Amino acid sequence: QVQLVESGGGLVQAGGSLRLSCAASGRTFSSYTMGWFRQAPGKEREFVAAMTWSGVRTAYADSVKGRFTISRDNIKNTVYLQMNSLTPGGTAVYYCADSQNTWDVTGKAYDYWGQGTQVTVSS
């Protein structure tokens with residue numbers, strides 16, 4: 001089993017930045033893809049970014065390209081989401097997820113999910 005714990009969310013002004021962290025523990029040796037997703041109240045969960053632990057593949061949603069960056073620290077088993085130039089549209093609960101042995105940017109093939117961290121962007 002894999003446990004994922006997100007942190008780093010909070011309240012930030014529009015134009016500001018936040019860095020989210022996702023610490024993975026447990027049976028992480030078979031983990032292949034780490035993804036970030038977000039869900040705003042009353043809306044569907046949407047893909048934000050993903051990367052392989054190896055770093056060979058990365059992907060971003062069109063809505064965040066050029067502003068968000070996904071990265072990882074393999075020693076710490078931690079994945080990060082650097083969010084710059086935040087707008088109120090970025091207000092959502094952000095989740096990290098682990099897809100074992102699979103590359104996936106749809107959210108359908110993830111095996112483990114964190115509990116989420118709230119990001120609120122004020123005007």
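This report describes the strands, the core, the disulfide and the salt bridges of a predicted model.

Residues are numbered from 1 along each chain as its sequence is written, and side-chain values use heavy atoms, with hydrogens and water left out. Because the model is predicted, local features need a pLDDT of at least 70 and side-chain atom pairs count only at pLDDT 80 or more, while totals for chains, interfaces and linings use all residues.

## The four-stranded sheet

Strands here are DSSP runs of E with at least two residues, numbered from the N terminus. Two strands pair if DSSP finds at least two bridges between them. An open sheet of four strands runs in the order β1-β3-β8-β7, and its pairing is antiparallel. β1 and β7 stand at the edges with a single partner strand each, so one side of each has no neighbour in the sheet. From one strand to the next, the twist averages 20°; axes for such angles are lines fitted to C-alpha atoms, and angles run from 0 to 180 degrees between N-to-C directions.

Strand β1 covers residues 2–7, and β3 covers residues 18–26. The two pair in the antiparallel sense over six bridges. On its other side in the strand order, β3 pairs with β8, also antiparallel and over six bridges. Which residues carry the bridges at S21 of β3? S21 is the bridge partner of S7, and in β8 the bridge partner of S21 is Y80.

In a regular strand the side chains alternate between the two faces of the sheet. β1 has a covered face made of V2, L4 and E6, and an uncovered face made of Q3, V5 and S7.

A23 also lies in strand β3. With a relative accessible area of 35%, A23 is partly exposed (buried means under 20% relative accessible area, exposed over 50%, partly exposed in between, with a 1.4 Å probe and protein chains only). The C-alpha atoms of A23 and E6 are separated by 6.5 Å, although the two residues are 17 apart along the chain. Leaving out residues up to four places away in sequence, A23 touches Q3, L4, V5, N77 and T78, where contact means heavy atoms within 4.5 Å.

## Two loop residues with positive phi

N77, one of the contacts of A23, and N101 each have a positive phi in a residue other than glycine. The table gives their values.

| Residue | Phi | Loop between | Relative accessibility |
|---|---|---|---|
| N77 | near 55° | β7 (68–73) and β8 (78–83) | 27%, partly exposed |
| N101 | near 65° | β9 (92–100) and β10 (112–113) | 61%, exposed |

## The nonpolar core

In soluble globular proteins, nonpolar side chains tend to be buried together. A nonpolar core is a set of buried Ala, Val, Leu, Ile, Met, Phe, Trp, Tyr and Cys residues joined through side-chain atoms within 4.5 Å. The largest one in this model has 32 residues, and W36, V48, F68, L81, M83 and Y94 have the most contacts inside it. At least two residues of this core come from each of β1, β3, β4 (31–39), β5 (46–52), β7, β8, β9 and β11 (117–122). β5 gives the most, with five residues.

L81 shows how these parts meet. Not counting residues up to four places away in sequence, L81 touches ten named residues, among them W36, V48, F68 and Y94. Its other contacts include L18, L20 and I70.

## The disulfide

A disulfide is a covalent bond between the sulfur atoms of two cysteines. With the cut-off that the two sulfur atoms lie within 2.5 Å, a search of the whole structure finds one. It joins C22 and C96, whose sulfur atoms are 2.0 Å apart. The pair links distant parts of the chain, C22 in strand β3 and C96 in strand β9, 74 residues apart. The torsion about the S-S bond of C22 and C96 is about 60°, so the disulfide is right-handed. Are its cysteines buried or exposed? C22 is buried at a relative accessible area of 0%, and C96 is buried at 1%.

## The salt bridges

Side chains of opposite charge can pair when their charged atoms come close. A salt bridge is counted when a side-chain nitrogen of Lys or Arg is within 4 Å of a carboxyl oxygen of Asp or Glu. The whole structure holds two.

One joins the side chains of R38 and E46, with 2.6 Å from N to O. R38 is buried at 7% relative accessibility, whereas E46 is partly exposed at 34%. The other joins K65 and D62, whose closest N and O atoms are 3.1 Å apart. D62 is exposed, at 66% relative accessibility.
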